[in-house]
Amino acid sequence: MQKISCPYCKSNKMVFRGYRYNEKSKKRLRLCKSCGRKFTLRNVYFRMRFSPVEIKRAVSLYKKGFSLAEAKLRMEREGVRVSRWTILKWYKKYTKPEDR
Ligand SMILES: [Zn+2]
């Protein structure tokens with residue numbers, strides 16, 4: 001079974017708070033006991049684990065000429081654990097071909 005944590009504060013203390021309905025389906029609504037926010041599993045999957053600032057930082061390192069391994073290492077030193085492939089994915093997603 002996979003571990004589910006709060007998309008806002010990463011806590012895994014949560015309780016079920018009924019269901020959230022939309023036009024297509026109903027989703028189990030969870031309430032985080034740490035920060036008090038409600039979320040559904042969909043939020044967990046669709047919300048990235050990294051902040052836009054962190055993503056920008058990693059992409060800019062790679063653009064500056066650091067290798068993926070170096071960019072990864074620098075991010076780690078700043079407290080962000082990210083894989084090389086994730087950085088590459090961000091790079092492809094967030095930079096235009098003409099900027100590369
Ligand atoms: Zn939370």
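Where along the chain is the place of Thr95? Thr95 is found in the segment after α4, where helices (H or I, at least four residues) and strands (E, at least two) are DSSP runs numbered from the N terminus. The model examined here is predicted, and for that reason local features need pLDDT of at least 70 and side-chain atom pairs count only at pLDDT 80 or more, whereas totals for chains, interfaces and linings use all residues. Residues are numbered from 1 along each chain as its sequence is written, and side-chain values use heavy atoms, with hydrogens and water left out.

The secondary structure of the protein comprises four helices and three strands, and from the N terminus on these elements follow the order β-β-β-α-α-α-α. Of the 100 residues in the protein, 27% are buried, a term that stands for under 20% relative accessible area, with exposed meaning over 50% and partly exposed lying in between (1.4 Å probe, protein chains only). The accessible surface of the protein, obtained by the Shrake-Rupley method with a 1.4 Å probe, for which only the protein chains shown count as cover for residues, amounts to about 7700 Å², and 51% of this surface belongs to carbon and sulfur atoms. When contacts (heavy atoms within 4.5 Å) between residues at least 6 apart in sequence are considered, 36% of them join residues at least 24 apart.

In soluble globular proteins, nonpolar side chains tend to be buried together. A nonpolar core is defined here as a set of buried Ala, Val, Leu, Ile, Met, Phe, Trp, Tyr and Cys residues joined through side-chain atoms within 4.5 Å. The largest nonpolar core has 14 residues, of which Phe50, Met75, Val82, Ile87 and Trp90 touch the most other members. At least two residues of this core are supplied by each of α2 (52-63), α3 (68-77) and α4 (84-94). Apart from this core lies another one, of five residues, among them Cys6, Met14, Cys32 and Phe39. In α4, the buried residues are Thr86, Ile87, Leu88, Trp90 and Tyr91, and these buried residues pack against α2 and α3.

Phe50, when residues up to four places away in sequence are not counted, touches Ile55, Val80, Arg81, Val82, Thr86 and Trp90. One of these partners, Arg81, has its place in the loop between α3 and α4 and counts as exposed, at 68% relative accessibility. Although Arg81 and Phe50 are 31 residues apart along the chain, their C-alpha atoms are separated by 9.4 Å. With residues up to four places away again not counted, Arg81 touches Phe50 and Glu76.

Thr95, the residue raised at the outset, is buried, with a relative accessible area of 6%. A polar atom of the Thr95 side chain lies 2.5 Å from the backbone oxygen of Tyr91, a polar contact being a pair of N or O atoms within 3.5 Å, where within protein one must be able to donate a hydrogen and the other to accept it, and where residues adjacent in sequence count only if both atoms are side-chain atoms. Leaving aside neighbours within four places in sequence, Thr95 is in contact with Val59, Lys63, Trp90 and Arg100.

The zinc ion has as its protein donors Cys6 (SG), Cys9 (SG), Cys32 (SG) and Cys35 (SG), lying 2.3 Å from it, where donors are N, O and S atoms within 2.8 Å of the metal (3.2 Å for Na, K and Ca), and sites may look incomplete because water is not among the atoms. The angles among the four donor atoms are 105 to 114 degrees, and the site is tetrahedral, a label given to four donors if all angles lie between 85 and 135 degrees. In sequence, the donor residues are spaced C-x2-C-x22-C-x2-C. Distant parts of the chain are linked by Cys9, in the segment before β1 (14-21), and Cys35, in the loop between β2 (26-32) and β3 (38-40), which are 26 residues apart. Cys9 is partly exposed at 32% relative accessibility, and Cys35 is partly exposed with a relative accessible area of 30%.

Among the strands, Arg30 lies in β2 and counts as buried at 10% relative accessibility, whereas Arg17 lies in β1 and counts as partly exposed at 47%. Neighbours up to four places away aside, Arg17 touches Leu29, Arg30 and Leu31.

Key. Four donors count as tetrahedral if all angles lie between 85 and 135 degrees; four count as square planar and six as octahedral if opposite donors are over 155 degrees apart and all others between 65 and 115; anything else is irregular.
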